[in-house]
Amino acid sequence: MLRLNDLVKIYPGPVAALKGVSLEIPEGLFGLLGPNGAGKSTLMNILAGLLEPTGGSVTLDGVDIVQDPRAVWSRLGYLPQDFGFYPSLSGAQMLDFLLQLKGIEAPQGRKTLVGELLERVNLADAAKRKVRTYSGGMRQRLGIAQAIAGNPRLVIVDEPTAGLDPEERQRFYRILAELGRDRIVLLSTHIVEDIATLCPRFAVIRGGRCVTSGGTSDARRRLEGRVFEGIVAPEALERIRGSHRVTQAVLVEGSMFRTRVQSAAGAQPSGFVQVPPTLEDVYFGVMDESRAADRAHGSHSPVAA
Ligand code: ADP
C-alpha cells in the first residue's frame, strides 16, 4: 500500500502546487487525473524521490519514503514524461547502460537480464536496432523496460501515451495491465478514457487538492440515471444551463450543440435521452463541483498560495 498523508508542496514564488493531498493507493493500476497545472507531476516527482515535499508524509508498505528515500529507491521504477534517449545506441545497449546507472544487480548476468526485459516489453526483435529508428511507442516500451528492472514494488508512469498511435497505445497498456497484477502502478494522464479502460481505482486532483478518489466503476454507477444527451440550438443550450449541469457542448451540424447534462434529481430535459455514464461524466462533474466550491469560497486562483 502506498499512503500519502497531507502532502504539501510550495514552490518559490510562492506557488502552492500541492495543498494537502491524502490518498491510499493499493496494489494494481491506479489512475491519477487532473488538468494541466493540477499538481500531478509534482506529486509524481515527490513519490519518485526527486523532489522534497514541504510537508506531509508518504509511506510505501509502511516505510517512509520522504525520510528515507534510499530505502525505497531500489523498490521504485519511474518512467518520466521526458525520458532521455541516446539515439546512437541500440535498444539493448541503452538498456544495459541504464541498468548500470541504476545499480541493478543481475545475478545471472546483465546481458541475460537485458534480454529478458526486452522480451517482456516486446522489443526483443529490435534489440540491435539503434534507438534513433524506434517509433514513439517503442521508445516508451524501452522506458518501461528500465522502470521495471529490479522488479520494483511501485512503478510510476507520467503521461506515457502522448504522441502514440492507437495501436502503440494499446500495446503499451497491455504491458501496464500486466505489471499491475502484482505491484502498484501509478499512471498519471489527462486522458480520462485511458483511466476508464485500465484502472480499477483513480483520483482526480485539481489546484493541488484531491477532489475525488475511489473505484472507477463505483464512481460511474453513482451517476446512473442522471446523465442525458441531446442535440439543441444555442438558445436552448443557454436555457438548459439554468437548470442542469452541462458537462459537454460540442458544435455539430454547423449551428447545433451535442449537449451532455447531469441532473442531481434525475430530471430529463425534453428532447434528451438518458445515456450510460462514463468516467468522463464523473470527471467533468467533479471538476464543475470543485470550481463551484472555489467560487463559493471566493478562491479564484486555485494554485496561488
Ligand atoms: P501538472 O503535472 O498537473 O500539469 P505540475 O505539478 O507540473 O502540474 O504543476 C503544478 C503547479 O506548480 C503549476 O501551477 C506549475 O506552474 C507550478 N510549478 C511546477 N513546477 C514548478 C517549479 N519548479 N517552480 C515553480 N512553480 C512550479
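Mentor: Contact means heavy atoms within 4.5 Å. Keep that handy for the two domains. The model is predicted, with local features needing pLDDT of at least 70 and side-chain atom pairs pLDDT 80 or more, while totals for chains, interfaces and linings use all residues. Residues are numbered from 1 along each chain as its sequence is written, and side-chain values use heavy atoms, leaving out hydrogens and water.

Trainee: How do you know that domain 1 and domain 2 are in contact?

Mentor: By that cut-off, 15 residues of domain 1 are in contact with 12 residues of domain 2. The domain assignment, automatic or from a database, gives 2-219 as domain 1 and 221-297 as domain 2. Their C-alpha centres lie 34 Å apart.

Trainee: Why is Gln-262 called buried?

Mentor: Buried means under 20% relative accessible area, exposed means over 50%, and partly exposed is in between (1.4 Å probe, protein chains only). Gln-262 has 5% relative accessibility, so it counts as buried. Among the residues that Gln-262 touches, beyond four places away in sequence, are Leu-223, His-244 and Asp-281.

Trainee: What makes Asp-281 and the side chain of Gln-262 a polar contact?

Mentor: Two N or O atoms within 3.5 Å qualify; within protein, one must be able to donate a hydrogen and the other to accept it, and residues adjacent in sequence count only if both atoms are side-chain atoms. Here the backbone oxygen of Asp-281 is 2.7 Å from a polar side-chain atom of Gln-262, so the distance fits the limit.

Trainee: What makes residues 166-179 a helix, H6?

Mentor: Helices are DSSP runs of H or I with at least four residues, strands are runs of E with at least two, and both are numbered from the N terminus. H6 has 14 residues, so that condition is met. Its first and last C-alpha are 20 Å apart, close to the expected 20 Å; the expected span is 1.5 Å times one less than the number of residues.

Trainee: How do you know that the buried residues of H6 line one face?

Mentor: The buried ones are Glu-168, Phe-172, Tyr-173, Ile-175, Leu-176 and Leu-179. Down the axis of H6 they fall within an arc of 155°, so they line one face. The arc uses directions from the helix axis to the C-beta atoms. Facing away from that buried side are the exposed Pro-166, Glu-167 and Arg-174.

Trainee: How do you know that S11 and S14 pair?

Mentor: Strands pair if DSSP finds at least two bridges between them. S11 (residues 227-232) and S14 have two, in the antiparallel sense, so they make the cut. One partnership is Phe-228 with Gln-274 in S14.

Trainee: What makes S12 and S14 stand at the edges?

Mentor: The open sheet runs S12-S13-S11-S14, with antiparallel pairing. S12 (245-252) and S14 (273-274) each have a single partner strand, so one side of each lacks a neighbour in the sheet. Gln-262 sits in S13 (residues 256-262).

Trainee: How do you know that S1 and S2 pair?

Mentor: Eight bridges join S1 and S2 (residues 15-25), running antiparallel, and Leu-4 has Leu-23 as its bridge partner in S2. The two form a hairpin with three residues between them, and Gly-13 in the turn has a positive phi of about 150°.
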